[in-house]
Amino acid sequence: MKVRYSYLKQQFDDCEDLWQKLREFVPTGDFTLGKPLTEFEGRFAELIGTKHAIGVNSGTDSLKLSLEALGVGPGDEVITAANTFVATVGAICAVGAKPVFVDCDDTFCMDVSKLEAAITPKTKALMPVHFTGYMTDMRKLMPIAKKHNLVVVEDACQSILGALDGRNAGTWGNAGGFSLHPLKNLNVWSDGGVIVTDDDALADKLRLLRNHGLADRDTVVLMGHNSRLDTIQAVVGNWIIPKTKQISDQRIANAKFYDDHLSKLQQIRIPPRPSDMRCVYHLYIVFAERRDELLKFCVDRGIEAKVHYPVPIYRQPALAHLGLREGDFPVSDAHTTNIITFPCDQHLSPEEMQYVVDTVAEFYRG
Ligand SMILES: *Cc1c(COP(=O)(O)O)cnc(C)c1O
């Protein structure tokens with residue numbers, strides 16, 4: 001059996017109604033900041049529960065523009081998690097700030113108990129990453145931000161509809177950034193991103209920043225970027241957004257199936273599943289003994305298991321100038337040797353998931 005990682009073929013196999021919407025849209029020529037985009041932004045804000053949602057051209061730009069709008073720039077330090085995806089750090093570097101890392105814990109999010117030790121007089125912002133669909137402990141992080149007068153931009157790119165104490169990812173900080181990348185839980189047919197915020201002035205500034213700083217056709221009030229979410233992608237987004245809840249619910253159910261079965265194997269450790277958290281499983285990761293051998297065994301048997309990631313961002317060659325070394329973030333380092341990701345998306349069949357579970361069990365039976 002083959003258990004593929006990407007489900008894009010299945011997802012868009014049967015979408016004649018979406019093609020119809022696109023056929024109706026194209027003759028309007030309303031391609032930039034068009035009506036479907038405004039509609040999508042309204043629906044997105046409603047979905048997350050914020051006053052504003054601003055469509056931009058990627059998840060990376062959602063973070064970059066948020067930092068810029070909040071006044072983060074050269075000379076500033078931004079604290080994020082040592083195990084994050086490159087884009088978080090790319091956004092910090094793009095505004096000229098310095099990334100400073102804090103180790104994660106076994107929920108793959110920043111260990112907030114280690115945060116204060118990383119704050120210096122140059123710290124300007126915190127960028128917690130709700131990695132894999134888990135939530136950073138924002139109950140503890142926000143008071144620290146307040147105490148030190150720091151702005152907070154949540155990297156919620158992997159955690160749409162993730163929540164802590166019933167409060168959604170993206171709604172805790174000054175702004176939250178989401179990605180609409182094809183492999184994210186709410187996806188379009190290209191790159192795309194969304195920023196959410198309750199702050200009117202910040203929303204106004206972000207709308208300027210994404211569109212060259214143009215207040216109107218002839219007035220440039222600040223130097224901005226070309227970072228609009230394509231209106232044609234908003235048509236796709238409007239088709240998918242009503243399914244978002246269903247998508248995360250199915251992923252949660254799939255993860256439960258895996259948890260129930262894999263927890264019976266003594267060589268597999270399931271990460272903590274806090275009851276006050278809604279984890280939406282953008283990635284389904286467990287800790288495995290003899291991980292490299294298990295990975296190979298699964299791949300050889302047609303299961304596209306993966307490792308997110310084998311080398312943490314803080315040890316990548318592009319950041320060598322930071323002078324960080326293996327061992328600086330021991331939990332992130334340990335994870336690189338024992339984490340394994342299995343497909344967990346909403347299009348998996350029960351047979352495919354059973355095959356994954358059986359294959360892992362077979363490996364450990366030897
Ligand atoms: C995907 C992702 C991003 C960036 O999103 P893009 O839309 O690909 O630019 C940022 N942070 C994290 C944690 C992500 O997973």
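Me: Which residue is the bridge partner of R269 in strand 14?

Reply: That is F287. The model you are looking at is predicted, and R269 belongs to strand 12, which covers 268-269.

Me: How do you know that strand 12 and strand 14 are paired?

Reply: Pairing needs at least two bridges between the strands. Strand 12 and strand 14 (residues 284-288) are joined by two bridges, so the requirement is met. The two strands run antiparallel.

Me: What makes up the open sheet with antiparallel pairing that includes strand 14, and what is the order?

Reply: Three strands form this open sheet, in the order 12-14-15.

Me: Why are strand 12 and strand 15 called edge strands?

Reply: Strand 12 (268-269) and strand 15 (339-342) each pair on one side only, and that is what earns them the name.

Me: What is the order of the other open sheet of three strands, the one with strand 13?

Reply: Its order is 7-6-13, again with antiparallel pairing. Strand 7 (167-168) and strand 13 (277-278) are the edges here.

Me: How do you know that strand 6 pairs with strand 13?

Reply: Two bridges join them, and at least two are asked for, so they count as a pair. L164 faces M277 of strand 13 across this pairing.

Me: Now the domains: where does the assignment put them?

Reply: Domain 1 spans 8-243 and domain 2 spans 244-365. Their centres, taken over C-alpha atoms, are 25 Å apart. Domain 1 brings 43 residues to the contact, and domain 2 brings 37.

Me: What area is buried between domain 1 and domain 2?

Reply: About 3200 Å², with 62% of that from carbon and sulfur atoms.

Me: Why is the meeting of R139 and D276 called a salt bridge?

Reply: The nitrogen and the carboxyl oxygen must lie within 4 Å. For the side chains of R139 and D276 the N to O distance is 2.9 Å, so the pair satisfies the cut-off. Between domain 1 and domain 2 the count is two salt bridges. The domains also share 20 residue pairs in polar contact, with both residues at pLDDT 80 or more.

Me: What makes up the side of domain 1 that touches domain 2?

Reply: Helix 1 (8-11), helix 5 (86-94), strand 3 (98-102) and strand 6 (163-164) each supply at least two residues. Strand 3 gives the largest share, four residues. By class, this side of domain 1 has 23 nonpolar, 11 polar and nine charged residues.

Me: How do you know that E116 and K147 form a salt bridge?

Reply: Their side chains meet at 2.9 Å, N to O, and the limit is 4 Å, so they qualify. This pair links distant parts of the chain: E116 sits in the loop between strand 3 and strand 4 (123-127), while K147 is in helix 6 (residues 138-147), 31 residues away. By this rule the count of salt bridges comes to 25.

Me: Why is the peptide bond from H308 to Y309 called cis?

Reply: Its omega is near 5°. Y309 lies in the loop between helix 10 (291-300) and helix 11 (330-338).

Me: What makes L33 worth a look, given that it is not a glycine?

Reply: L33 has a positive phi of about 50°. Its place is the loop between helix 2 (16-25) and helix 3 (35-48).

Conventions
Residues are numbered from 1 along each chain as its sequence is written. This is a predicted model: local features need pLDDT of at least 70, side-chain atom pairs count only at pLDDT 80 or more; totals for chains, interfaces and linings use all residues. Side-chain values use heavy atoms; hydrogens and water are left out. Domain bounds come from an automatic or database domain assignment. Contact means heavy atoms within 4.5 Å. Buried area is the accessible area (1.4 Å probe) that two parts lose on being put together, summed over both. A polar contact is a pair of N or O atoms within 3.5 Å; within protein, one must be able to donate a hydrogen and the other to accept it, and residues adjacent in sequence count only if both atoms are side-chain atoms. Ala, Val, Leu, Ile, Met, Phe, Trp, Tyr, Cys and Pro count as nonpolar, Asp, Glu, Lys and Arg as charged, and the others, Gly among them, as polar.
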